[in-house]
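Here's a quick tour of one protein chain, helix by helix and contact by contact. Have the viewer open and follow along.

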Amino acid sequence: VAKAADGSMRDALSLLDQCTAFHFGEKLTYDNVLEVLGAVDNSVFSSLFRAVTAGDTKGCIYTIEEMIIQGRDLTQMVNDFVWYMRNLLVVKTTDDAEDMLDMSSENIAILKEEAELTDSDTLMRFIRIFSELSGQLRYASQKRVLAEIAFIKLTKPSMEQNLDGRNSGRIFRPGCDGGAGRRGGADQSPGNSAAGCKRRSG
């Protein structure tokens, strides 16, 4: 509840009211709160991160499907995964992570183990990709597709590099691209032929 409220006491109380109202007359458990908030347990993020570092794209997409079936909020899941990876980065780059992270010694031990699966630069790349995804999901109609693409970027980094590098720095000039002299299917005039390219390049 405190994490979802992001430090706001008023929001935290409001979320707690929602949880108690939804399960009125019942004992409020950890799983009940996750259900109401659409949040995901840290064990899911642990499995996701291990799948990412192992290059297991299928495992990542399968987990997304499971979360959707359970009614979890993909936007909330992405935000929480960013925080999970942030905690991994803190554990990896500081000597006193126990004083900085509000979690049990058992969970910190798990984070330390997983932090050894990759390097700091890769972790920061993961955080960047999912931070960008978090902003995209806010107004997206195909949230699942965007989430799956983000995990593919994590598990198959070469695919992201190929996509980003394709046609980079390439400027279209009529008549200069393969000598076709076409744009949008329309033939260009002779003045836009290879001779014209030489004049512009000279």
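## The overall layout

What pattern does the protein chain follow when read along the sequence? It goes α-α-α-α-α-α-α-α-α-α-α-β-β-α. Put as a tally, that's 12 helices and 2 strands. Keep in mind that we're looking at a predicted model.

The chain has 202 residues, and 34% of them count as buried. If you take the contacts with a separation of 6 or more, 58% come from residues 24 or more positions apart.

## Helix H4 up close

H4 covers residues 42–53. It has 12 residues and spans 17 Å from its first C-alpha to its last, close to the 16 Å expected at 1.5 Å a residue. Just after the helix, Gly55 takes a positive phi of about 75°.

Which residues of H4 are buried? They are Val44, Phe45, Ser46, Leu48, Phe49, Ala51 and Val52. These buried residues have plenty of partners, packing against H5 (57–69), H6, H8, H9 and H10.

## Where H4 meets H6

Time for the helix pair. In general, two packed helices are described by the angle between their axes and the distance between the axes. The axes of H4 and H6 (residues 74–93) come within 10 Å and cross at roughly 70°. Angles of 65 to 115 degrees count as roughly perpendicular, and H4 and H6 are therefore roughly perpendicular to each other.

On the H4 side, the contact is made by Asn42, Phe45, Ser46, Leu48 and Phe49. H6 brings Met77, Asp80, Phe81, Tyr84, Met85 and Leu88. Sorted by character, the residues of this contact come out as 8 nonpolar, 2 polar and 1 charged. Phe45, Ser46, Leu48 and Phe49 also appear among the buried residues of H4.

## Two residues with distant partners

Val52 lies in H4 and is buried, with a relative accessible area of 4%. Leaving aside residues up to four places away in sequence, Val52 touches Cys60, Phe126, Phe151, Leu154 and Thr155. Take Leu154: this residue is 102 residues from Val52 along the chain, yet their C-alpha atoms are separated by 6.3 Å.

Leu74 lies in H6, and this residue is buried too, with a relative accessible area of 9%. Its contacts, again not counting residues up to four places away in sequence, are Ile64, Ile68, Leu137, Lys143 and Arg144. Leu74 and Leu137 are 63 residues apart in sequence, and 8.3 Å apart in space, C-alpha to C-alpha.

## Salt bridges

Side chains of opposite charge can pair when their charged atoms come close. How many salt bridges does the structure hold? There are 4. One of them joins the side chains of Glu114 and Arg50, at 3.2 Å from N to O. Glu114 sits in helix H8 (residues 105–115) and Arg50 in H4, so the pair ties together parts that are 64 residues apart in sequence. Is Glu114 buried or exposed? Glu114 is buried, with a relative accessible area of 0%, whereas Arg50 is partly exposed at 33%. The pair also belongs to a network of salt bridges that links Arg50, Glu113 and Glu114.

Now for two pairs that each stay inside a helix. Arg128 and Glu132 meet in a salt bridge at 3.7 Å, N to O. Both lie in helix H9 (residues 120–137), 4 residues apart, about one turn of the helix. Arg128 is partly exposed at 38% relative accessible area, and Glu132 is partly exposed at 41%.

Over in helix H10 (residues 143–155), Arg144 and Glu148 are likewise 4 residues apart, about one turn of the helix. Their side chains form a salt bridge at 3.0 Å, N to O. Arg144 is partly exposed at 33% relative accessibility. Glu148, at 17%, is buried, because the cut-off for buried is under 20% relative accessible area. Arg144 is also one of the residues that Leu74 touches.

Conventions:
Residues numbered from 1 in each chain as written. Predicted model: local features only at pLDDT ≥ 70, side-chain atom pairs only at ≥ 80, totals over all residues. Heavy atoms only, no water. Axes fitted to C-alpha atoms, helices over the stretch in contact; angles between N-to-C directions. Parallel < 35°, antiparallel > 145°, perpendicular 65-115°, else oblique. Contact = heavy atoms within 4.5 Å. Nonpolar A, V, L, I, M, F, W, Y, C, P; charged D, E, K, R; others polar. Buried < 20%, exposed > 50% of the residue type's maximum accessible area, 1.4 Å probe, protein only. Expected span 1.5 Å × (residues − 1).
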